[in-house]
Amino acid sequence: MALPLTKIFDDRRQMADACAAWLVERIAQTQGRFAIALSGGSTPKPLYALLATPGIARQIPWDRVHVFWGDERFVPADHPDNNARMARETLLSHVPIPAANVHAMPTDGEPEAAAAAYQRTLQDYYGAATLDPARPLFDVNLLGMGDDGHTASLFPGAPQLDEASAWVVAVRDQKPETRITLTYPALASARTVLFMVEGAAKQSTLTRVFAGDRALPAARVHADGELVWYLDKSAAPVERLRGEEHREEGRREEGRPGE
């Protein structure tokens, strides 16, 4: 498995700018449907807001973009903690994406039934009940990471970490609210899995993740395509930051601009 690509930015705005530009280019390079799984939390908000600005939104063919989610709190769709609500308010309500292209996780009824329903939604879109590494489900899967190393709603020590067949499962008794999450097989089924992580509080956890500490759920994520980490300087492990500084020095000595 190839080592993940890591890019380090001065702050969250620079990270969002780079991610938005990369997404626009990636979508332009594809034909037909483009599937992206969104993450919740505060880190991707600047990215979503940026994608909604007229100058960037007009560069994206929204009629062929399909939006999914990596996880969701099992709360009503209009609840302030609902991930899909955040994405609607910051991005989706501001761009001309067809309603049929927005595939939010259901949060009514029983969580296990909702997880099974979302798995059927993914399988209907994919056109098969079994994932093929040569044909990823998502073009891009955006992920974040919590201070405890969780990603999506896969938490340290939770039984869902060992799920190898289901694509979507309910998560009870890990947080005050029940959640629904994609499992590792579904998260990995992407041409690009892109983590966005910011904040000094996550630096020590990221150090363990990059050291391969499998007690941390984020460390166990892989991609059928490429795995990329976008970090701000405050979150970047010291060794990664030093490596980035050395690369910058080399580029300056050679008269080359930074990437």
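Here are legends for close-up views of a predicted model.

**View 1. A cavity with a nonpolar lining.** The count here comes to 1 cavity of 30 Å³ or more. The largest cavity has a volume of about 110 Å³, and 13 residues line it. If you want to find its centre, look for L23, I36, L51, W62 and V65, the lining residues that lie nearest to it. Helix 1 (12–28), strand 2 (34–38), helix 2 (45–51) and strand 3 (65–69) each give two or more residues to this lining. Strand 2 gives the most, with 3 residues. Sorted by class, the lining has 13 nonpolar residues, with no polar and no charged ones.

**View 2. The second largest pocket, with a mixed lining.** About 350 Å³ of space lies in this pocket. Its lining is made up of 20 residues, and G40, G41, G144, M145 and H150 are the ones that lie nearest the centre. Two elements give two or more residues to the lining: strand 4 (71–73) and strand 5 (138–143). As for chemistry, you'll find 6 nonpolar, 10 polar and 4 charged residues around this pocket.

**View 3. R179, a buried arginine with polar partners.** R179 sits in strand 7 (residues 179–182). Its relative accessible area is 8%, so R179 counts as buried, the cut-off being under 20%. What do the side chains of S153 and E177 do here? Each is joined to the side chain of R179 by a polar contact, at 3.4 Å for S153 and 2.7 Å for E177. Leaving out residues up to four places away in sequence, R179 touches D71, E72, R73 and F74, along with S153, F155, V169, A170 and V171.

**View 4. Helix 4, its buried side and its cap.** Which residues of helix 4 (residues 83–90) are buried? They are N83, A84, M86, A87 and T90. These buried residues cover an arc of only 160° around the axis, so they end up on the same side of helix 4. What they pack against is strand 2, helix 2, strand 3 and strand 4. At the N-terminal end, take a look at N82, which caps helix 4: a side-chain oxygen of N82 lies 3.0 Å from the backbone nitrogen of A84.

**View 5. Helix 7 and the glycine just after it.** Helix 7 covers residues 203–210, and T205, L206, V209 and F210 are buried there. Why do these buried residues line one face of the helix? Because, seen down the axis of helix 7, they fall within an arc of 130°. Follow the chain just past the helix and you reach G212, which takes a positive phi of about 85°.

**View 6. Y125 and its surroundings.** Y125 is part of helix 5 (residues 111–126). Is Y125 buried or exposed? With a relative accessible area of 11%, Y125 is buried, because that value falls under the 20% cut-off. Setting aside neighbours within four places in sequence, Y125 is in contact with R33, F34, A35, H66, F68 and L137. For a sense of scale, pick out S234 too: Y125 and S234 are 109 residues apart in sequence, and their C-alpha atoms are 38 Å apart in space.

Methods
Residues numbered from 1 in each chain as written. Predicted model: local features only at pLDDT ≥ 70, side-chain atom pairs only at ≥ 80, totals over all residues. Heavy atoms only, no water. 1 Å grid on protein atoms, 1.4 Å probe; cavity = no way out; pocket = protein on both sides within 12 Å on 5 of 7 lines; lining within 4 Å. Points joined across faces, edges and corners; volume = space filled by probe spheres on them. Helix = DSSP H or I, 4+ residues; strand = E, 2+ residues; numbered from the N terminus. Nonpolar A, V, L, I, M, F, W, Y, C, P; charged D, E, K, R; others polar. Buried < 20%, exposed > 50% of the residue type's maximum accessible area, 1.4 Å probe, protein only. Polar contact = N/O pair within 3.5 Å; in protein donor to acceptor, adjacent residues only side chain to side chain. Contact = heavy atoms within 4.5 Å. Arc of directions from axis to C-beta.
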